[in-house]
Amino acid sequence: MANPKAFHINSPFLESIDMSKRTGTNVYLKMESSQPSGSFKIRGIGHLCQKVAGPESKGVVCSSGGNAGMATAYVARKLNIPATIIVPSSSPELIREKLKDQGATVRVVGKVWDDANDEALRLTQTDGLTYVPPFDHPLLWQGHASIVREIKASLPSKPGAVVLSVGGGGLLCGVVEGMKEVGWASVPIICMETEGADCFYAAVKAGKIVTLPDITSEAKCLGSKTVCSQAFEYIKEGNMNIISELVTDQQALQAVETFLDEERVLVELACGAALAAVYCGVIQRLQGEGRLPVPLAGPLVMIVCGGSSINQAQLEHLRKVLNR
């Protein structure tokens, strides 16, 4: 029987003096980079695996450019079941080695996540493996919602806004569910993406779900060509104040570097997209445009989603690729 204990930790919730100075409001960091698998993904994937992958399971399969795969491999090792992780060729070698260190079988298929996902779905049919979706499943969102419950336990009042990165939309769906659950439905959610990995922004602008022709951003862990339908439904419903914003890869990298200098934590480019909301003035611009109040009605909460596909060598590679 699956261990009923959660695989994730109650991650640190820290005040950032430097970010607070930049924004003129109290800023708090929900440090999902501290999770055992390196990112928030372990919340939803741990919850899902406990529900669908029992000890009789032939194993789990996940298609992942990194963090969902890391979470799946970690949970499978703890449950003592096999894990097969399908990664696209765009995933760094660093991630492939980390996955193997967790005991997973790693296969490289296709150029982008969508290609790897097709292969993962095929293996559920041919090999009887249990599919672990990286972002598009209600059990994942239920697991991710635990972030909001933890934040509420740490804050005396509602936040003024919550900032997060969007890839496929799983974190957004979990945060929306959590905020509805704790009575924070009126709190703005600022969704950050990089240009070239902006499937949610493109859907918001088009008024319908669209599929990007390719992922051209270096933030490969934001690299889904199509956002999950539930994330777009929240926009259509109009019950939440969800704001979609874009930054460049260069701005996301600048945010990663500034965060490393100021907070002494290294996160990947996908996480840098959210941090850029503060470091590149997005919050202040939204206030200037009247889309966020001045001052905010409460503290600004940054979900620092973390990420496994970063180290000094990868950071140097990004600097070179992005012409710095």
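Between domain 1 and domain 2 of this predicted model, the count of residue pairs in polar contact is 8, with both partners at pLDDT 80 or more. On the domain 1 side, the elements that supply two or more residues to the surface touching domain 2 are helix α6, spanning 138–144, and helix α7, spanning 146–154. Of these, α6 gives the most, with 5 residues. A look at the chemistry of that side of domain 1 is helpful too: its residues divide into 6 nonpolar, 13 polar and 7 charged.

It helps to step back and see which stretches of the chain are meant. The domain assignment gives domain 1 as two segments, 13–35 and 137–323, while domain 2 covers 41–131. The centres of domain 1 and domain 2, taken over C-alpha atoms, lie 24 Å apart. Where the domains meet, 26 residues of domain 1 are in contact with 22 residues of domain 2.

How much area do domain 1 and domain 2 bury between them? The size of an interface is often expressed as the accessible area that is lost when the parts come together. Here, domain 1 and domain 2 bury about 1,800 Å² between them, and 60% of this is on carbon and sulfur atoms.

Charged side chains also take part in the meeting of the domains, as the count between domain 1 and domain 2 is 2 salt bridges. In the model, a salt bridge joins Arg43 to Glu32, and the closest N and O atoms of this pair are 2.7 Å apart.

Arg43 appears again in the surroundings of Ser146, a residue of helix α7. Leaving aside neighbours within four places in sequence, Ser146 is in contact with His8 and Arg43. Is Ser146 buried or exposed? Its relative accessible area is 8%, which is under the 20% limit, so Ser146 counts as buried.

A second residue offers a useful contrast in how accessibility is classed. Lys78 is found in helix α3, which runs over residues 67–79. The relative accessible area of Lys78 is 46%; this value lies between the limits of 20% and 50%, and Lys78 is therefore partly exposed. Lys78 can also be located relative to Gly46: the two are 32 residues apart along the chain, and their C-alpha atoms are separated by 10.0 Å.

Definitions and conventions:
Residues numbered from 1 in each chain as written. Predicted model: local features only at pLDDT ≥ 70, side-chain atom pairs only at ≥ 80, totals over all residues. Heavy atoms only, no water. Domains from an automatic or database assignment. Contact = heavy atoms within 4.5 Å. Buried area = accessible area lost by both parts, 1.4 Å probe. Salt bridge = Lys/Arg side-chain N within 4 Å of Asp/Glu carboxyl O. Polar contact = N/O pair within 3.5 Å; in protein donor to acceptor, adjacent residues only side chain to side chain. Helix = DSSP H or I, 4+ residues; strand = E, 2+ residues; numbered from the N terminus. Nonpolar A, V, L, I, M, F, W, Y, C, P; charged D, E, K, R; others polar. Buried < 20%, exposed > 50% of the residue type's maximum accessible area, 1.4 Å probe, protein only.
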